Amino acid sequence: MHKNFKNITAVVVFILMGIAFYENFQLMPAYKGLGEGVSDYIIRSGLSETGSLNLITAVLYDYRAFDSLGESTVIFGAVSGIVLILSRKMLPVSSRGLSFIVKRTLGIITPFIALFSIYVITHGHLTPGGGFQGGVIFAAISIIFSIVYGSAFDYRRYSPQMKTAFETVGALTFLGLGIAGIFMEGYFLHNLGFLTAETGTLISAGSIPYINMGVGLKVGAGLAIIFYSMIQKTFKEEI
Amino acid sequence: MMSWMNIELNLLILLPAFSAPIILILDRINEKLRKIFVILSASLSLYFVTALFFANFTDIKKGSFFLQYTFDYFGGPFIINFSMDNLSLFFSLLISMAVFLIIIYSTSYIKYNKAKYYALFFLVAASIQGSVLTADLFTMYLFIEGITVFTTPLISFKKTEKTTEAAMQYLYYGIIGGVFFFISIILIYFNLGTLKIAETALGFSEISGPMQLTIIIFFLLSLIIKLGIFPIHFWLPKAHSACPAPVSALLSGVLLKVYLYIFMRIFWTMISFDYLIELHISTFIMDLALVSSLLGHIFALQEDDFKKMLAYSSIGHIGMILAVLMLNNQAAFYGAMLHIAAHLMMKSGLFLSSGYLLRTAGSHHIDELEGIGHKNRITFGAFVIICLGTIGMPPLLGFVSKWYILLAFLKGKHFFAALVTVLGSLIALFYYLRYISKAYAEVSPELKSASWSADFAELLHFLKGDQLMSTIVYVFTLLIIFFGFSFQYFDMPVNTAIIELLNPQKYIDLVLGG
């Protein structure tokens, strides 16, 4: 009786809340474009100002680059936190990995995965993609290694210290380009004009490709570290 | 637009943010180098804010102080904007001071995992500065999320089951609070098409009535969760007691004040306070805060855990500050601002001294305190003085601020509120006395400190080893005593900050004017 009463109260409260929300969101004005035409402005002058064909990348790493910096700093902090909570001193107990066929096949595929991730990162300003997406693909290599070859293999190849170093280098690249913006253009994280080349080529769009690389390193190494910390934990519990 | 305009604002955020990865690198190279860098970076942060304060002293006094920094292409409509007026400066100064002292304390308190600890601590410091300086709603949301994400691992620093549970609860409630904040931001963006605080302030009256109510309620819900006001307060004592002492001091002493600042920014500068009065929300919040204040003190009375008791007492004080802010007049703001400064120093001091006194104890239970007053005579004396300040004994800063709050309540004819303030002090007297009497319980002579002269001789080595921790506690104690006698020094910054609160138009004009 008591338990049912609690459930019913919760359901009633939720339904009432839902009705209240519905009534309220009915009042929302129809979507009439954004106040000062922010999106129009970007579409009009995004290419000429940033030199980036991919306008989303232009917004992420140029117009609101500071927010992206904050976001990637949150990833950085989260990785440090997870390592702080989950890390253990011992070497992880390795699983033996999958069969010979899978191991061979992966050996052949791996360079192509790496190439694809590098492509996604470096062409972030030309085609869909960018640092965050490419970094995740990069981290996938490390994750597949752990599954297919067993976790100790990945540990020996790329130690956590090396991954942390990669991550830190990525973070410093982003921040360093921001500081360079102050000295060369007068604004923090301002696009570096002297790097701009002909639109559509690989080395165009000022500092955007370089920021992309920094973010790619950071996200890739960060996700690999997170995955790695979690493996250690599960293996310890299984024993 | 000048390109070098007030670039120092950036520095306040970037310096700690930059320090975090550098600390991780330096730790790999040399531990001593890392330690020096930590202290250097913390003192530089403090130096920049104080330098800003003294360089612009005449402007601040006149009330015309305003710095801002914008990222944009010339004439482009999207601006990420940092701005610093007297209100932000007041908070920025207090926070930098407290963070500096807490970091110095940490250098001798934290014994393992140091590099990760400092990296996260500096990231929290950067997020705090950022959320105080930003003039853009989305960036503010980002920094608030940053604070939540970065403090969570610090709470579970000891890696026991209890701390992990507290950290997870803190994370859940922090994220839920953040989501509510985000809903309000989305609603504002859809209605006005802007994220700037100043533009939102101008356009807020154009939004339809029910929508205004929704936006206000979501902001309120979010901040009530973050501040730990009564119905959603239960995560706070757990989180604030589970972490190492310096992190408790940061959470209870500094972060709660940051959320109070955000509360002021949103409900005075961005959404005019008249809306809250019109919708009868202000009286509701005031009652809620008062109940929360009373309950916080009562819960503290029955708590046997030393740090949980301090955390419940924080709930009591924050409730009182929030209630007095709701009066919305000059006298009330004066009391509230003064108590924000006082509570920041007192609670940081209390948590830090708890860390020093219980550094060898296994738990924070009241029995662990037995005889500790004989063992650490001088440090415990400082602890007692800070306790008296929190209760509101005359020559100390806590008395001054409580006195002005009481006067503001009486002037506004809110007798229940005045009663809660006085009752809170009375209850506080009892629960602190419980612990103090336990600490002075009679113990066998070998547990006592040898002699007074030996104690004073130890003071000479004030920077060595564990003694550094008690030195920081003494610094907080001296600050409380000093400002208790000469609280007039707070007059100028507090009064100019209040002018900002009462005239949001100035902020709006200056931000939009470029």
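Buried, in this report, means that a residue has under 20% relative accessible area, while exposed means over 50% and partly exposed covers what lies in between. Keep that in mind as you look around this structure, which is a predicted model.

**Chain A**

Let's start with the overall build of chain A. It has 9 helices and 0 strands, so if you read the elements from the N terminus on, you get α-α-α-α-α-α-α-α-α. The chain has 239 residues, and 43% of them count as buried. What about contacts along the chain? Take those with a separation of 6 or more: 69% of them are between residues 24 or more positions apart. As for the outside, the accessible surface of chain A comes to about 12,600 Å², and carbon and sulfur atoms account for 72% of that.

Now look for a nonpolar patch on the surface. Ile8(A), Val11(A), Val12(A), Ile15(A), Leu16(A) and Ile19(A) make one of about 560 Å². One of its members, Val11(A), sits in helix 1 of chain A, which covers residues 2-26. Is Val11(A) buried, partly exposed or exposed? With a relative accessible area of 47%, Val11(A) is partly exposed.

**Salt bridges in chain B**

Over all chains, the structure holds 9 salt bridges. Here are three from chain B, with the distance between the closest N and O atoms.

| Acidic residue | Basic residue | N to O distance |
|---|---|---|
| Asp27(B) | Arg34(B) | 3.2 Å |
| Glu31(B) | Lys114(B) | 3.7 Å |
| Asp85(B) | Arg265(B) | 2.8 Å |

Take Asp27(B) and Arg34(B), whose side chains meet in a salt bridge. Asp27(B) counts as partly exposed, at 31% relative accessibility. Arg34(B) is at 3% relative accessibility, so it counts as buried.

Next come Glu31(B) and Lys114(B), which also form a salt bridge. This pair links distant parts of the chain: Glu31(B) is in helix 2 (residues 31-55) of chain B, Lys114(B) is in helix 5 (residues 114-133), and their positions lie 83 residues apart in the numbering. Glu31(B) is partly exposed, with a relative accessible area of 48%, and Lys114(B) is partly exposed as well, at 23%.

Where in chain B do Asp85(B) and Arg265(B) sit? Asp85(B) is in the loop between strand 2 (80-84) and helix 4 (86-109), while Arg265(B) is in helix 11 (residues 245-270). They are 180 residues apart, so this pair, too, links distant parts of the chain. Both partners are buried: Asp85(B) has a relative accessible area of 1%, and Arg265(B) has one of 2%.

There's also a network to spot. Asp27(B), Glu31(B), Arg34(B) and Lys114(B) are joined into one by salt bridges that share partners.

**Cysteines without a partner**

A disulfide is a covalent bond between the sulfur atoms of two cysteines. How many disulfides does a search of the whole structure find? The count over all chains is 0. Cys243(B), for example, is in no disulfide, and the nearest cysteine sulfur is that of Cys387(B), 19 Å away. Why doesn't Cys387(B) form a bond with Cys243(B)? The two sulfurs are 19 Å apart, which is too far for a bond. Both of these cysteines are buried: Cys243(B) has a relative accessible area of 0%, and Cys387(B) has one of 1%.

Conventions
Residues numbered from 1 in each chain as written. Chains lettered and ligands numbered in written order. Predicted model: local features only at pLDDT ≥ 70, side-chain atom pairs only at ≥ 80, totals over all residues. Heavy atoms only, no water. Patch = residues over 30% accessible without salt bridge, like charges linked within 9 Å, V, L, I, M, F, W, Y side chains within 5 Å. Areas by Shrake-Rupley, 256 points an atom, 1.4 Å probe, with all protein chains shown as cover. Salt bridge = Lys/Arg side-chain N within 4 Å of Asp/Glu carboxyl O. Helix = DSSP H or I, 4+ residues; strand = E, 2+ residues; numbered from the N terminus. Buried < 20%, exposed > 50% of the residue type's maximum accessible area, 1.4 Å probe, protein only. Contact = heavy atoms within 4.5 Å. Disulfide = S-S within 2.5 Å.
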